[in-house]
Each structure stands twice: as C-alpha cells, then as structure tokens.
Amino acid sequence: MVSGVSAFGTGDEVTRESGGDPDKELAEISHPCADNLLDQFSVMPERENKIISSQAKKPKAKAKEFTVANLPRHLRHINVNAGGIDIGSDRHLVAVPEGRDVVSVREFKAFTADLHALADWLSQCGVTTVAMESTGVYWIPLYEILEQRGFEVYLVDARRVKNVSGRKSDVLDCQWTQELHTYGLLVQAFRPPEEVCVLRSYLRQKEMLVQAAAEHIQHMQKALQQMNLLLHNVVSDITGVTGLNILKAIIAGERNAQVLAALRDRRCQNSAETIAKSLVGNYREEHLFALRQALELYEFYQVKIADCETAIAAYLLRQEHHTDDQPPAPQKPIPARNRLRAGVDVRDQLYKMSGVDLFRVSGLAADTLLTLAGEVGFDMTPWKSVKHFSSWLALCPDNDISGGRVLWRGMRRVQNRAGHLFRLAAHSLHHDQTPMGDYLRRMKSKLGPVGATTATAHKIAIIFYTMIKKQVEYDATIWAERDAEREKRFEAKLRRQAQQRGYKLVPIEENPARVSA
C-alpha cells in the first residue's frame with residue numbers, strides 16, 4: 001500500500017498486487033493511477049484508438065536553424081562565432097565557443113608557422129571574429145596575419161577585460177575575453193589603415209632617435225659642468241651653430257677662451273667677452289673623453305634622423321592624393337623650417353592628402369601635422385562626431401555620477417599620442433598674437449595654465465576634425481564675430497550690475513563739449 005498524490009485527490013490510497021516483483025512494484029509506485037486512468041477509456045475503445053492514432057500522426061516540430069536574426073532584437077548584436085586570444089611573448093592561448101572542437105582552448109607558440117596554424121584552427125572552428133588584448137607589441141604579428149586571413153579582429157584595451165572574478169590564469173583570461181566578445185561587451189580600439197601605420201612607424205622611429213640624441217646632449221652638458229665650462233648658461237642651445245663650433249674646437253685641442261669665443265655666430269645674444277668667461281675652467285682628460293664620445297654619438301644620431309626624414313618624405317610622395325591642386329596662398333609667409341623636411345614641402349603634400357590647408361590653424365606646423373597624419377590619418381569615419389573624437393583624445397571632462405550626484409569631475413588620465421600633440425600645439429600659443437592665442441590667454445585667467453592648455457587643445461582638435469570631415473578651410477573671421485558677441489554680452493552684464501546698484505553706465509565722449517561760463 002502506497003500513500004501519495006494522485007488524480008483522485010490528495011491522500012487517497014491505492015492498492016496494487018505486484019506478485020512480489022520488485023520492478024513491477026516500482027513501476028506501480030511511479031504511476032499509481034495509470035491503470036485506473038486507462039480503465040476510463042476502456043468503455044470507449046473507438047475514441048481511444050482515434051486519440052492514439054492522432055497523437056502518433058502528429059508531426060514533430062523541426063528545430064529551426066539558429067541564426068542571429070531569430071534572436072530577440074536586444075540580443076541580435078551577439079557575436080556567435082567569436083574567439084578570444086590571450087597574448088603572450090612566447091605563446092598565445094586561444095578560446096573558441098564550446099562544441100566547435102574536442103577542446104575549446106588551445107595553446108600556440110609565437111613562431112610564424114604556429115601563428116598560421118592558429119588561424120587555420122580558428123577557420124576550422126567557424127570563428128569569424130576574434131578579440132585580443134593590446135599587450136605590448138606582441139599582438140602585432142598575430143593581428144596582421146589574422147587580418148590578412150579575413151578575420152574581424154578586435155583589439156581591445158586590457159583594462160576593459162581585466163575584471164574577471166576568481167583565480168586569474170591565462171586560460172581563464174582567453175575564455176573571459178571570448179565570453180565578453182560573444183555578448184558584444186568589448187569596444188574595438190582604433191587602429192589606422194595600413195598606409196597610415198607605415199607612416200606612423202617611420203615617425204615613431206624618428207621620435208625614438210630624437211629622444212636618444214637628447215640624452216647625449218645632457219651628457220655633453222654634464223661633462224662641461226664637471227669642468228666648470230658654463231657654455232650652456234650663456235648659449236641657449238649648445239647644439240646650435242655657436243655651441244657646436246666651440247665644442248668641436250675644444251675636442252680638437254683648443255683651450256684659449258678668447259679664440260673659442262671668437263667662434264660665436266653673429267646672431268648669438270651674448271657677447272664674445274661673456275662667452276670667453278664661461279670657457280675658463282678645468283680641462284680634465286676624463287671629462288674631455290666623455291665630451292668627445294657624447295658629441296660623436298649626437299652627430300651619429302643626427303645622421304640617422306636625416307635618414308628617417310628622407311624615408312618619410314619619399315613615402316609621402318607615394319601616397320594617394322585627395323586633390324592635385326596647389327594649396328592656397330598663405331596669409332603670411334611660412335618659414336622654410338616650418339614646412340620643409342628633407343627638401344620636400346610638407347605643406348604641399350599634406351594639402352594634397354587631406355584636401356585642406358591645415359597650416360592655417362595656429363599651433364600646427366610641419367612636425368605636428370606629420371605626426372597627426374601618422375597617428376590619426378585623414379579619415380574621420382571611425383568617430384561618429386567631433387564629440388567622440390574629443391573623448392578619444394581625452395580632451396573633454398569626465399563625470400562620475402551616482403544617485404544623481406556628481407562624485408568626481410575631471411580629465412581622464414589616458415596616454416594618447418594625438419591628444420598630447422594637440423596639447424603641445426596649444427602650449428605653443430602663449431605669446432601668439434592670433435585669435436587662438438587670445439583664447440588661450442583668456443582661458444588661462446579663468447581655468448589656470450593646465451585647464452587653459454586643455455581647453456585650447458580641445459578647440460584645435462575640433463577645428464582639425466571639422467576641416468577634414470567637412471572639407472572646409474579655416475576661417476579666422478569667425479573669431480571676430482564671436483568676440484563682438486562676447487563684448488555685447490559683457491556690456492549687457494555690466495549694465496545689469498550697474499542698474500542693480502542704482503547706477504547708470506554712460507559712454508565716455510572723446511571730445512566733450514565745453515561748458516561756457
């Protein structure tokens with residue numbers, strides 16, 4: 001006797017004779033009311049047959065083939081065929097969706113043959129898009145191979161995928177990256193087109209050489225200081241015409257301060273007497289040896305920098321032109337040092353590549369524009385609007401809001417080379433007598449030096465984006481119109497303040513009428 005729940009009511013007791021068969025008894029316990037329910041149909045055998053036959057003939061619903069279009073609208077952005085890669089210096093761990101292979105995570109070495117085997121395995125598993133962290137420079141060879149093989153490669157910031165719970169390991173990292181990419185939670189980092197990447201490599205190589213040469217300038221200054229030769233105090237640049245002439249004469253063995261001072265260039269600010277005083281010191285052999293090596297290394301790096309500039313100029317000449325027209329005549333002459341590199345007119349080449357004359361914008365010269373061309377390029381489609389461009393440059397403020405309250409307001413600390421270039425361009429305008437320079441000085445009185453530099457850099461970035469995006473030239477007359485509007489607002493504010501205090505503003509007459517006695 002078994003007590004349980006049945007179709008006859010709660011607590012009903014059903015008795016079955018199992019004949020001592022445990023299997024039969026277990027079956028009866030599992031279905032205590034099956035016989036009674038079938039007895040109800042035994043009085044109507046025809047109906048029972050019809051019911052059974054109709055159930056047997058009912059076709060089974062075929063499973064629909066899974067496609068992204070069958071998903072709900074808010075889930076259609078899912079990357080079903082997504083893979084994740086954890087980048088390393090000597091090996092890469094790759095994760096694919098479950099069920100695509102016997103194992104879903106595999107390890108590949110960093111050799112070129114292994115990278116091609118990695119791409120083959122991804123193709124075999126049906127992966128079409130891959131996400132990887134931008135770890136140092138180890139990702140570049142794999143990125144290029146996957147891009148050549150037709151994969152959609154997402155290069156993501158490591159800070160966006162590091163928040164994985166639990167124990168950290170390389171296997172978990174690649175699986176977490178694959179999972180985030182499957183649900184569309186990763187934002188693709190900006191990587192310029194191939195032709196821009198080539199130019200960027202040349203420019204970054206030149207930047208590295210310039211930094212190395214600057215270190216040897218410091219070594220020369222240290223050697224001079226140890227001998228109490230204060231040439232760097234009376235000459236603004238010891239690598240200029242005057243400084244190099246004197247240094248080479250010292251290395252050649254000249255010790256007479258008057259003879260060394262006579263080597264000054266006529267454009268030097270200090271007199272020969274002042275320079276002669278700075279060249280009286282203790283000429284020690286070990287310090288002269290260090291000075292000679294530093295000078296030779298500096299000159300060696302100058303040769304390599306010139307080679308980089310030649311390669312950059314040759315590459316610019318091979319680029320596709322947006323227009324074959326010549327740039328418009330500048331409003332004022334541009335010095336050759338601001339537009340010529342390795343004998344090539346950078347202003348002319350950049351105008352043909354971008355379609356606009358970016359040299360008209362205050363603060364932007366040859367080196368700055370060349371580096372921007374290598375870091376950003378002249379295609380603004382990766383950014384939906386100028387606000388997205390400013391946010392990517394980290395030139396706009398960021399607010400942390402919770403519960404309707406602003407918890408923090410400030411600038412995001414992001415290492416962005418292009419944003420740094422715009423800041424350098426803004427910093428060079430402190431003494432510039434242009435509307436952009438006036439804006440920088442006006443913001444400096446309101447926000448301070450740092451805030452003014454950021455605000456001016458933001459302004460230059462907006463002008464840069466708008467000129468290239470809309471193919472319009474820079475018009476400085478707009479500043480005059482806005483300055484007039486600002487003067488009107490300022491005057492109206494003064495009138496309101498005077499009226500609130502019971503005064504009235506009266507303009508000063510240039511030639512007031514004389515009052516007769």
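## The β3-β4 hairpin

In this predicted model, four residues form the hairpin connection between β3 and β4. Strand β3 covers residues 82-86 and strand β4 covers residues 91-95; the two pair in the antiparallel sense over three bridges. Within this pairing, G84 of the hairpin faces A95 in β4, and D86 stands opposite L93 in β4.

On its other side, β4 pairs with β5, again in the antiparallel sense, over five bridges. Here H92 stands opposite F108 in β5. Four of the five residues of β4 are buried, so the strand is largely enclosed by the rest of the structure.

## The five-stranded sheet

The hairpin strands belong to an open sheet of five strands, ordered β5-β4-β3-β6-β7, with mixed pairing. At the edges are β5 (105-109) and β7 (152-156), each of which pairs on one side only. From one strand to the next the twist averages 25°. In a regular strand, side chains alternate between the two faces of the sheet.

Two helices lie across these strands. Helix α4 (residues 112-124) lies across β3, β4, β5 and β6 (129-133), and runs at about 155° to β5. Helix α5 (residues 139-148) lies across β3, β4, β6 and β7, and runs at about 170° to β6. Strands β3, β4 and β6 are thus named for α4 and again for α5.

## Helix α14 and its surroundings

Helix α14 spans residues 366-375, and eight of its ten residues are buried, so the helix is largely enclosed by the rest of the structure. The buried residues are A366, T368, L369, L370, L372, A373, G374 and E375. They pack against the helices α7, α12, α13 (346-354), α16 (417-427) and α17 (435-470), and against strand β8 (340-341). Just after α14, G377 takes a positive phi of about 85°.

## V356 in the loop before α14

The loop between α13 and α14 contains V356. What is the relative accessible area of V356? The value is 2%, so V356 counts as buried, the cut-off being under 20%.

Leaving aside neighbours within four places in sequence, V356 is in contact with L350, Y351, M467, I468, Q471, V472 and E473. One of these partners, I468, is 112 residues away from V356 along the chain, yet the C-alpha atoms of V356 and I468 are separated by 6.8 Å.

## Cavity

Rolling a probe the size of a water molecule over the atoms shows where empty space is left. The structure holds one cavity of 30 Å³ or more, and the largest cavity has a volume of about 30 Å³.

Which residues line the largest cavity? The lining is made up of L203, K206, E309, I312, R341 and L370. By class, three of these residues are nonpolar and three are charged, with no polar residue in the lining. Helices α7 (194-226) and α12 (285-317) each supply at least two residues of the lining. L370, one of the lining residues, is also among the buried residues of α14. Both α7 and α12 are also among the elements against which the buried residues of α14 pack.

## Second largest pocket

The second largest pocket holds about 630 Å³ of space. Its lining has 25 residues, and those nearest the centre of the pocket are K332, F359, R360, V361 and S362. The lining divides into 13 nonpolar, six polar and six charged residues.

## The chain as a whole

The secondary structure of the chain comes to 18 helices and eleven strands. Of the 517 residues in the chain, 35% are buried. Among contacts between residues at least 6 apart in sequence, 59% join residues at least 24 apart. The contact of V356 with I468, across 112 residues of chain, is one with such a separation.

Definitions and conventions: Residues are numbered from 1 along each chain as its sequence is written. This is a predicted model: local features need pLDDT of at least 70, side-chain atom pairs count only at pLDDT 80 or more; totals for chains, interfaces and linings use all residues. Side-chain values use heavy atoms; hydrogens and water are left out. On a 1 Å grid over the protein atoms alone, a cavity is a set of points where a 1.4 Å probe fits but cannot get out, and a pocket is an open set with protein on both sides within 12 Å along at least five of seven lines; lining residues have an atom within 4 Å of a point. Grid points are joined across faces, edges and corners, and a volume is the space filled by probe spheres set on the points. Ala, Val, Leu, Ile, Met, Phe, Trp, Tyr, Cys and Pro count as nonpolar, Asp, Glu, Lys and Arg as charged, and the others, Gly among them, as polar. Two strands pair if DSSP finds at least two bridges between them. Axes are lines fitted to C-alpha atoms, for helices over the stretch in contact, and angles run from 0 to 180 degrees between N-to-C directions. Contact means heavy atoms within 4.5 Å. Buried means under 20% relative accessible area, exposed over 50%, partly exposed in between (1.4 Å probe, protein chains only).
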